[in-house]
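Notebook open, model loaded. I want to look at some strands, a core and a charged side chain.

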Amino acid sequence: MRRPAGGPAKGPLKRRPALAAVAVIGALALAGCGGSDSDSAASGAELSVDAAYIPQPVSDSMAAGFLTITNEGGTADELTSVTSEAGEVTVHETVDGTMKQADRLEVPAHGQLVFKSGGNHLMFEKLKQQPKQGQSVAVELHFAHSGPVTVELPVKAATYQPTTGHSGHTEDSGH
């Protein structure tokens, strides 16, 4: 390594590595920020699921499922279908007291899509076997823009009433 003769030349040489380090750190920080921004823009929705359950069905061939899908992201998404090895699953919504099958339901940005008794719900039909309390049923939720999400729905007592997650009046719902 070549050393400059004289004192003043050492200062700029010592600063260059420091400046280079600052430049590299700055570039990495910007790349990290740019990456997370573009990742957020690409994925949009940030989905999670909780409060999932199935009341033990009284029928051998049909059951209902409930859960809450929360979107922490700044972009809305849509639930387009649900699949399960347990049987056929359709998405139902209740509009003006009438239940009907829905092709898709919106999961709003910074909001929730709530499936609860008397409202939106999953309908299991042609069950391969009747789920019993203590077991769980796996479902895969499919979205218009986000990747699929697999959820285990524990089978609860037929009279089970959740204390949270299904009221539709949580802090996140804006009610």
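I started with strand pairing: β2 (residues 62-71) runs antiparallel to β7, with 5 bridges between them. For one register point I looked up T68, and its bridge partner in β7 is V114. Keep in mind that this is a predicted model.

Next I checked how covered β7 is. The strand spans residues 111-115, and 5 of its 5 residues are buried. I then split β7 by face: G111, L113 and F115 sit on one side, Q112 and V114 on the other, and both sides are covered.

F115 came up again when I pulled the largest nonpolar core. That core has 24 residues, and F115 is listed with I69, L79 and F124 as having the most contacts inside it. Which strand gives the most to this core? I found β9 (residues 136-143), with 4 residues.

I followed L79 further. Leaving out residues up to four places away in sequence, its contacts include I69, V91, L113, F115 and L141. L79 also touches D103, R104 and H142, among others.

Last entry: D77, in strand β3 (residues 77-83). I asked which side chain of opposite charge is nearest to D77. It is R104, 7.0 Å away; D77 is buried and has no salt bridge. A salt bridge would need a nitrogen-to-oxygen distance within 4 Å. So what polar partners did I find for D77? Its side chain makes a polar contact of 2.6 Å with the side chain of S146. A polar atom of the D77 side chain also lies 3.3 Å from the backbone nitrogen of A144. Both A144 and S146 are in the contact list of D77, as are H145, F143 and N71.

How values were computed
Residues are numbered from 1 along each chain as its sequence is written. This is a predicted model: local features need pLDDT of at least 70, side-chain atom pairs count only at pLDDT 80 or more; totals for chains, interfaces and linings use all residues. Side-chain values use heavy atoms; hydrogens and water are left out. Helices (H or I, at least four residues) and strands (E, at least two) are DSSP runs, numbered from the N terminus. Buried means under 20% relative accessible area, exposed over 50%, partly exposed in between (1.4 Å probe, protein chains only). Lys and Arg count as positive and Asp and Glu as negative; His and the chain ends are not counted. A polar contact is a pair of N or O atoms within 3.5 Å; within protein, one must be able to donate a hydrogen and the other to accept it, and residues adjacent in sequence count only if both atoms are side-chain atoms. Contact means heavy atoms within 4.5 Å. Two strands pair if DSSP finds at least two bridges between them. A nonpolar core is a set of buried Ala, Val, Leu, Ile, Met, Phe, Trp, Tyr and Cys residues joined through side-chain atoms within 4.5 Å.
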